[in-house]
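Have the model open in your viewer and turn it as you read. We'll take one pair of helices, then a packed helix, then a single residue in a loop.

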Amino acid sequence: MKADLAILCPTLNRADKLPALVENIHENTETPHTIYFVMEAHDRDSFNAVKGLDCWAIQGQFGSCAAAYNAGFEFSTEPFCFLANDDLEFPAGWELPALSMLDDHPIVGVNEGHNRMTCFSMVRRDFIEAESGVFDKPGTLVHPYKSQYVDTELAEYAKARGVWGEAVDGGVIHRHHDFGDADPTHPNYLQARETLDEDRATYSTRQGQWKAHLDS
């Protein structure tokens with residue numbers, strides 16, 4: 001059966017969780033789909049963990065979640081894409097409310113289980129290819145921030161363009177330390193916080209630029 005949904009999942013240093021994540025996604029995703037793990041070439045444990053499982057492993061030297069998303073988008077072909085992460089849990093039918101909104105809203109925020117809507121988005125490929133997810137580079141899913149604000153820019157720029165929707169129903173569960181569901185000292189979280197100030201400054205600059213772009 002031809003897949004309609006690409007689940008793009010950057011992953012790093014979580015090899016022990018990946019087999020269960022693959023099983024969880026396949027068990028609870030009702031839409032024909034393909035899982036794309038995007039991983040660093042040096043992360044052999046992650047590659048070995050998914051070898052032989054029903055998923056793709058895209059390897060390279062990405063250096064950031066944003067670059068991994070862009071690589072996954074370019075590699076995949078499905079008409080719809082979900083920007084996932086390796087610390088998510090997928091309840092039954094999680095994707096259906098967001099997919100049902102994509103005709104009217106080509107970028108849809110998916111509830112992460114705590115009513116925060118801008119962390120994980122469902123996007124329509126044809127919109128990204130024609131209109132881009134960023135203001136300054138054609139056909140690009142997200143701006144290559146070092147770590148933070150990737151999701152924020154995608155959502156806020158979509159809102160400014162009037163193409164944003166929010167699927168409050170359904171959605172995933174974000175097992176993140178912000179909600180007491182993960183160890184805040186995990187290397188992934190420590191690394192992410194190292195560039196917070198730099199990424200915030202980049203976002204502030206770019207926000208002014210896209211507002212000027214839309215006003216021009």
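**Two helices side by side**

H6 and H8 cross in a right-handed way (the near helix is turned clockwise from the far one by less than a right angle). Their axes, lines fitted to C-alpha atoms over the stretch in contact, with angles running from 0 to 180 degrees between N-to-C directions, come within 11 Å and cross at roughly 20°. That makes H6 roughly parallel to H8, a label for angles under 35 degrees. On the H6 side, the contact (heavy atoms within 4.5 Å) is made by Thr-152, Glu-153, Glu-156, Tyr-157, Ala-160 and Arg-161, and on the H8 side by Tyr-203, Arg-206, Trp-210, His-213 and Leu-214.

This is a predicted model, where local features need pLDDT of at least 70 and side-chain atom pairs count only at pLDDT 80 or more, while totals for chains, interfaces and linings use all residues. Residues are numbered from 1 along each chain as its sequence is written, and side-chain values use heavy atoms, leaving out hydrogens and water.

Now swing over to helix H3, residues 65-75 (helices are DSSP runs of H or I with at least four residues, strands are E runs of at least two, and both are numbered from the N terminus). Its buried residues (under 20% relative accessible area, 1.4 Å probe, protein chains only) include Tyr-69, Asn-70 and Phe-73. What do the buried residues of H3 pack against? Strands E1, E2, E3 and E4, plus helices H5 and H6.

Last stop: Thr-195, in the loop between H7 and H8. Thr-195 is buried because its relative accessible area is 16%. Beyond its neighbours within four places in sequence, Thr-195 touches Lys-146, Ser-147 and Gln-148.

Notes. Buried means under 20% relative accessible area, exposed over 50%, partly exposed in between (1.4 Å probe, protein chains only). Angles under 35 degrees count as roughly parallel, over 145 as roughly antiparallel, 65 to 115 as roughly perpendicular and the rest as oblique.
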